[in-house]
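Me: I'd like to go through this one term by term and ask what each label rests on. Could you set each value against its definition?

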Amino acid sequence: MEGNRAHVVVVGAGISGLAAAWYLRQGARERVKVTVLEGSPRIGGKLYASEVAGVSVDAGAEAMLARRPEGKELAKAVGLGDDLVLPGTTRSAVYSRGAVRYLPKGQVMGVPADLAELAKSGIISPGGLLRVPLDQVLPATLVRTDVSVAAYIRARMGAEVVDRLVEPLLGGVYAGRADMLSLEATMPRVAAIARSERSLLNAARHLVEETPKNQGPVFTTLRSGLGGLPEAVAKASEADIRTGVTARELHRTETGWRLVTGPVPRPEVVEADAVILATPGPATSRLLKTEAPKAADELARIQYASMAVVTLAYPVDAFPEPPGTSGYLVPPVEGRPVKAVTFSSVKWPHLSKDLVILRCSIGRVGEEHLLQRDDVELVALATAEMADVMGVRGLPIDSRVTRWGGGLPQYNVGHLDRVARVRAAVAVQPGLAVCGAAYDGIGIPACIATARTAAARILDHLSLRAE
């Protein structure tokens with residue numbers, strides 16, 4: 001304790017750590033001092049923006065779910081409510097069988113609910129289309145334990161639905177593979193169907209019919225870019241934020257916790273009454289290896305995918321015709337290096353009227369060799385993609401390459417049980433909590449939700465929850 005104030009240290013200044021600091025401040029007001037330690041030179045983690053062709057463009061996450069409240073609520077609470085904007089178009093597509101094709105209406109994370117719309121899309125072949133309705137006559141594939149997304153959906157609807165619809169949608173979120181990703185963790189609505197329903201097609205149709213028609217766009221962003229959210233949250237938290245400080249060890253003491261930071265030859269010690277670890281799985285695992293070895297072992301087993309985002313800016317007239325979608329996804333079966341393209345200035349028209357600004361994502365699990373190329377080669381891959389698929393003429397007037405090494409946790413089969421075991425091992429340690437993308441979802445609202453839960457746990461431990 002420092003005077004009458006408890007000292008809480010948050011390790012990690014991504015959006016999860018910063019949100020945790022803000023929730024601590026809201027819950028305890030002046031009765032808690034919060035210190036945030038960040039190993040890198042800047043805050044924000046994967047929320048980061050920089051200029052391309054004179055326009056500030058997000059280099060990491062560029063959208064957050066609008067239909068889940070945590071992200072919007074936090075933005076409003078820290079003074080950015082008027083900065084929230086909705087997309088100019090929500091229509092997206094898949095590159096399949098030689099062309100960019102609109103996603104069919106009536107689908108749940110790629111699982112079709114309307115055969116006529118699926119046929120109209122042209123995404124899967126006539127043979128693949130004939131396989132889908134067999135789902136309605138095949139014996140039940142009831143799932144009693146967690147299985148991969150591919151195993152269940154392939155059994156019900158065939159390989160093409162997995163390869164050309166589900167795989168690119170999941171790859172766009174996790175940069176993972178459907179034959180490894182957990183059905184329970186990544187597609188919970190479909191998993192619920194798998195436990196009780198015989199026909200996936202009929203059940204998906206019911207899910208679509210039950211979805212309110214007036215929910216509005218799925219995504220939102222900030223006019224200034226999501227890269228501006230961390231700074232606003234950090235300021236509102238009033239926390240002492242220290243960048244360039246890596247926490248190397250965590251130890252339990254008689255009165256709380258001790259963190260060892262700084263270089264090995266000149267270690268520095270930070271004492272705390274409570275600690276929140278808001279770091280990626282590998283870093284959290286290293287910090288927990290002494291005091292919570294079971295949690296450390298489980299976190300070490302979470303695989304992470306690496307990727308790069310290549311941002312390009314073109315004159316409008318470089319495109320034979322303006323892009324008609326917010327972007328397109330590319331199934332691995334197509335064998336192309338680019339896995340997704342977002343036409344940022346189409347999706348978010350406030351960015352630019354004079355330029356087409358777009359982002360190409362490169363790299364998914366198993367494609368690390370692509371990321372061994374230098375920046376010039378990655379830009380060449382992206383420009384070749386635009387020339388081949390969109391008929392773009394000439395070179396971009398500006399480009400930027402952002403690499404996210406080990407950036408995306410993989411929610412592989414058994415993920416939810418693994419997270420439960422981590423939390424059980426952490427729960428027996430008083431004054432310790434974890435949060436971040438490794439647990440309940442990699443989107444911004446999901447990360448913020450874990451931060452709120454972690455902060456509440458710490459405030460309860462310290463008995464500092466505001467009345």
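Reply: Sure, starting with strand pairing: two strands count as a pair if DSSP finds at least two bridges between them. Keep in mind throughout that this is a predicted model.

Me: What makes β19 and β20 a pair, and in which sense do they run?
Reply: Strand β19 (residues 338–342) is joined to strand β20 (residues 355–362) by four bridges. Pairing asks for at least two, so the label holds. The two strands run antiparallel, and Thr342 has Arg359 in β20 as its bridge partner.

Me: What makes β7 a partner of β18, and in which sense do they pair?
Reply: Two bridges link β7 to strand β18 (residues 327–329), in the parallel sense. The requirement is at least two, so that qualifies. Ala93 stands opposite Tyr328 of β18. β7 also has four bridges to strand β8 (residues 99–102), this time antiparallel, and there Val94 has Arg101 as its bridge partner. β7 and β8 make a hairpin with two residues between them, and Arg97 in that turn has a positive phi of about 55°.

Me: Where do those strands sit in their sheet?
Reply: They belong to an open sheet of seven strands in the order β8-β7-β18-β19-β20-β17-β21, with mixed pairing. β8 and β21 (398–409) are called edge strands, as each pairs on one side only. On average, neighbouring strands here are turned by 30° against each other, direction ignored.

Me: And how many strands does the open sheet with β13 in it have?
Reply: Three, in the order β13-β14-β15, with antiparallel pairing. β13 (247–252) and β15 (268–272) each have a single partner strand, so one side of each lacks a neighbour in the sheet, and that puts them at the edges. The average turn between neighbouring strands of this sheet is 25°, direction ignored. β13 is joined to β14 (residues 257–261) by five bridges, with His251 opposite Arg258.

Me: Why is β1 said to be largely enclosed?
Reply: Residues count as buried under 20% relative accessible area. Six of the six residues of β1 (residues 6–11) are buried, so the strand is largely enclosed by the rest of the structure. Both faces are covered, with Ala6, Val8 and Val10 on one side and His7, Val9 and Val11 on the other. That split fits the general rule that side chains in a regular strand alternate between the two faces of the sheet. β1 runs parallel to β2 (residues 32–38), with six bridges between them, and Ala6 stands opposite Val32.

Me: Why is Thr279 classed as it is, buried or exposed?
Reply: Its relative accessibility is 14%; the cut-off for buried is under 20%, so Thr279 is buried. Thr279 lies in the loop between β16 (274–277) and α11. Its side chain also makes a polar contact with that of Thr284 at 2.7 Å, and a polar contact needs the pair within 3.5 Å.

Me: What makes α11 "mostly covered"?
Reply: Six of the eight residues of α11 (residues 281–288) are buried. They are Gly281, Ala283, Thr284, Ser285, Leu287 and Leu288.

Me: Why does Thr211 get its own label?
Reply: Its relative accessible area is 25%, and the band between 20% and 50% is partly exposed, so that is what Thr211 is called. It sits in the loop between α9 (200–210) and β11, and its side chain reaches the backbone oxygen of Leu207 at 2.8 Å.

Me: How many cavities of 30 Å³ or more are there?
Reply: One. To be called a cavity, a space must hold a 1.4 Å probe that cannot get out. The volume of the largest cavity is about 110 Å³.

Me: What lines the largest cavity?
Reply: It has 14 lining residues, with Asp58, Glu62, Gly225, Trp348 and Leu351 nearest its centre. By class, the lining has four nonpolar, six polar and four charged residues. β4 (55–58) and β11 (219–222) each supply at least two lining residues, and β4 has the largest share, with three.

Notes
Residues numbered from 1 in each chain as written. Predicted model: local features only at pLDDT ≥ 70, side-chain atom pairs only at ≥ 80, totals over all residues. Heavy atoms only, no water. Buried < 20%, exposed > 50% of the residue type's maximum accessible area, 1.4 Å probe, protein only. 1 Å grid on protein atoms, 1.4 Å probe; cavity = no way out; pocket = protein on both sides within 12 Å on 5 of 7 lines; lining within 4 Å. Points joined across faces, edges and corners; volume = space filled by probe spheres on them. Nonpolar A, V, L, I, M, F, W, Y, C, P; charged D, E, K, R; others polar. Axes fitted to C-alpha atoms, helices over the stretch in contact; angles between N-to-C directions. Polar contact = N/O pair within 3.5 Å; in protein donor to acceptor, adjacent residues only side chain to side chain.
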